[in-house]
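Trainee: I would like to learn how to read a model of this kind, one feature at a time. Could we look at it together, with the general idea coming before the particular case?

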Amino acid sequence: MEKQVFTVGERIDKFCAVCAEERGHIVASVTKRGQISRVRCPKCSTVSTFKLASRTLPHPAMKSPSPYDRTLTYRAGQSMTHEMFGIGEVTRLMEPRKMEVLFQDRLRCLIHAQGGFAQKVPTH
Ligand SMILES: [Zn+2]
């Protein structure tokens, strides 16, 4: 068996007992050897211990969601296709124009709601 090393923020698919469905989870903590110890469900925010045996394979997408468009305003639960990262699902809105998206490999932060008049986006 090949040993796989994980890092926090990566995606792992498993069954969420709270949501009662198989879905992508986010690696919340790993051991010193790079094994997943805890994962977080992006939908219900439940943090649970992780056993490799409980891992499930990502569901093949029924159809490709619409391409990611930064001018659109997304809501949690919406899906998109990103030209670089593939299919992702919005897990959380962080700021009015920033969101967390869970892609096939890991969690990423994207901007959205950039439509309308050109506005200066404050840089931190
Ligand atoms: Zn859940």
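Trainee: Which residues are the protein donors of the zinc ion?

Mentor: Bear in mind throughout that this is a predicted model. The donors of the zinc ion are the SG atoms of C16, C19, C41 and C44, which lie 2.2 to 2.3 Å from the ion, and in sequence these donor residues follow the spacing C-x2-C-x21-C-x2-C.

Trainee: What arrangement do the four donor atoms around the zinc ion make, and why?

Mentor: In general, the ideal angle for four tetrahedral donors at a metal is 109.5 degrees. Here the four donor atoms subtend angles of 100 to 115° around the zinc ion, and the arrangement is therefore tetrahedral. C16 belongs to strand 1 (residues 11-16), whereas C41 sits in the loop between strand 3 (36-40) and strand 4, so the pair ties together parts that are 25 residues apart in sequence.

Trainee: Are C16 and C41 buried or exposed?

Mentor: A residue is called buried when its relative accessible area is under 20%. C16, with a relative accessible area of 4%, is buried, and C41, with 0%, is buried as well.

Trainee: Which residues make up the largest nonpolar core?

Mentor: The largest nonpolar core has seven residues, namely Y74, M80, V90, M99, V101, F103 and L110, and its largest share, three residues, comes from strand 7 (residues 98-103). If residues up to four places away in sequence are not counted, M80 touches a list of residues that includes P65, Y68, I87 and G88, along with the core members Y74, V90, M99, V101 and L110. There is also a second, separate core of six residues, among them I12, I36, V39 and F50.

Trainee: How many salt bridges does a search of the whole structure find?

Mentor: The search finds seven salt bridges, and for each one it is worth asking where the partners lie and how accessible they are. The side chains of E89 and R23 meet at 3.0 Å, N to O; because E89 lies in strand 6 (residues 86-95) and R23 in strand 2 (residues 21-30), the pair ties together parts that are 66 residues apart in sequence. E89 counts as partly exposed at 27% relative accessibility, while R23 counts as buried at 9%.

Trainee: Which partner of R92 forms a salt bridge with it?

Mentor: The partner is E100, with the closest N and O atoms 2.8 Å apart; R92 is partly exposed, its relative accessible area being 39%, whereas E100 is buried at 8%. Elsewhere, salt bridges that share partners join E21, R23, K43 and E89 into one network.

Definitions and conventions: Residues numbered from 1 in each chain as written. Predicted model: local features only at pLDDT ≥ 70, side-chain atom pairs only at ≥ 80, totals over all residues. Heavy atoms only, no water. Donors = N, O, S within 2.8 Å, 3.2 Å for Na, K, Ca; no water. Tetrahedral: all angles 85-135°; square planar, octahedral: opposite > 155°, others 65-115°. Helix = DSSP H or I, 4+ residues; strand = E, 2+ residues; numbered from the N terminus. Buried < 20%, exposed > 50% of the residue type's maximum accessible area, 1.4 Å probe, protein only. Core = buried A, V, L, I, M, F, W, Y, C linked by side-chain atoms within 4.5 Å. Contact = heavy atoms within 4.5 Å. Salt bridge = Lys/Arg side-chain N within 4 Å of Asp/Glu carboxyl O.
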